[in-house]
Amino acid sequence: GDTDMQFEGGYVDLSIAVEPGKAVRVASAPYDTPDSVREKCIRLAERFPIFTYREIGQSAQGRPIPVLETPPRPLKFLVDASMQSCEPVSWGILHVAHWLTIPTARARSLLDQVQFALMPMTNPDGVAEGRSVTNAMGEVPKFGINDLVEGTRPAPMETAALWEYL
């Protein structure tokens with residue numbers, strides 16, 4: 001009721017009244033909370049034996065970084081979310097996970113040849129706090145890989161967890 005949508009010229013203007021201390025997220029794709037993404041991953045692993053649920057590390061605020069893995073194969077395929085929390089793709093990666101559970105010849109052939117590692121959220125603190133590119137510590141995890149590899153300064157926890165996993 002507080003939103004005025006104007007569909008003119010191929011774009012949308014949104015006007016949203018927000019009280020002090022409240023937050024509103026606006027995105028071109030759905031935002032799932034870190035807890036919701038974790039729960040969806042756990043449920044998939046419990047329901048479908050092709051998946052194993054793991055947590056490769058934690059964020060500064062203690063949120064897990066989840067991964068769904070299929071059985072080990074010589075060929076490995078990692079699909080990970082951007083560390084830029086303003087670019088939510090958890091829904092798309094979880095869609096791929098659901099697709100792999102459909103007993104089609106194509107899915108079974110892929111699962112016989114490829115180990116999938118699906119990481120639907122790599123910067124959970126950034127998502128939880130509605131940040132654009134930073135984590136809870138104000139660091140930019142996507143740029144931390146250079147620091148980690150070059151040893152110039154400590155990398156963000158999320159970056160270190162992903163690097164160690166790789």
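**Exercise 1. Place Glu 158 and describe its charge environment.**

Step 1. Glu 158 lies in helix H6, residues 157-165. Helices (H or I, at least four residues) and strands (E, at least two) are DSSP runs, numbered from the N terminus. This is a predicted model: local features need pLDDT of at least 70, side-chain atom pairs count only at pLDDT 80 or more, and totals for chains, interfaces and linings use all residues. Residues are numbered from 1 along each chain as its sequence is written, and side-chain values use heavy atoms, with hydrogens and water left out.

Step 2. Glu 158 is buried. Buried means under 20% relative accessible area, exposed over 50%, partly exposed in between (1.4 Å probe, protein chains only).

Step 3. Glu 158 has no salt bridge. That term needs a side-chain nitrogen of Lys or Arg within 4 Å of a carboxyl oxygen of Asp or Glu. The nearest side chain of opposite charge, Arg 63, is 8.1 Å away. Lys and Arg count as positive, Asp and Glu as negative; His and the chain ends are not counted.

Step 4. Leave aside neighbours within four places in sequence. Contacts of Glu 158 then include Ser 59, Asn 123, Asp 125 and Asn 135. Contact means heavy atoms within 4.5 Å.

**Exercise 2. Which residues of helix H2 are buried, and how are they arranged?**

Step 1. In H2 (residues 90-100), the buried residues are Ser 90, Ile 93, Leu 94, Ala 97 and Leu 100.

Step 2. Seen down the axis of H2, they fall within an arc of 110 degrees, so they line one face of the helix. The arc is that of the directions from the helix axis to the C-beta atoms.

Step 3. Residues three or four places apart in an α-helix point the same way, because there are 3.6 residues a turn.

Step 4. Their cover includes helices H1 (34-47) and H3 (105-113), and strands S4 (64-69), S5 (75-80) and S6 (114-119).

**Exercise 3. Analyse the salt bridges of Glu 55 and Glu 69.**

Step 1. The structure holds 7 salt bridges.

Step 2. Glu 55 pairs with Arg 38, the closest N and O atoms being 2.9 Å apart. Glu 55 lies in strand S3 (residues 52-58) and Arg 38 in helix H1, so the pair ties together parts 17 residues apart in sequence.

Step 3. Arg 38, Glu 39 and Glu 55 are linked in a network of salt bridges.

Step 4. Glu 69 pairs with Arg 54, with 3.0 Å between the closest N and O atoms. Glu 69 is in strand S4 and Arg 54 in strand S3, 15 residues apart.

Step 5. Glu 69 is buried at 9% relative accessible area, whereas Arg 54 is partly exposed at 37%.
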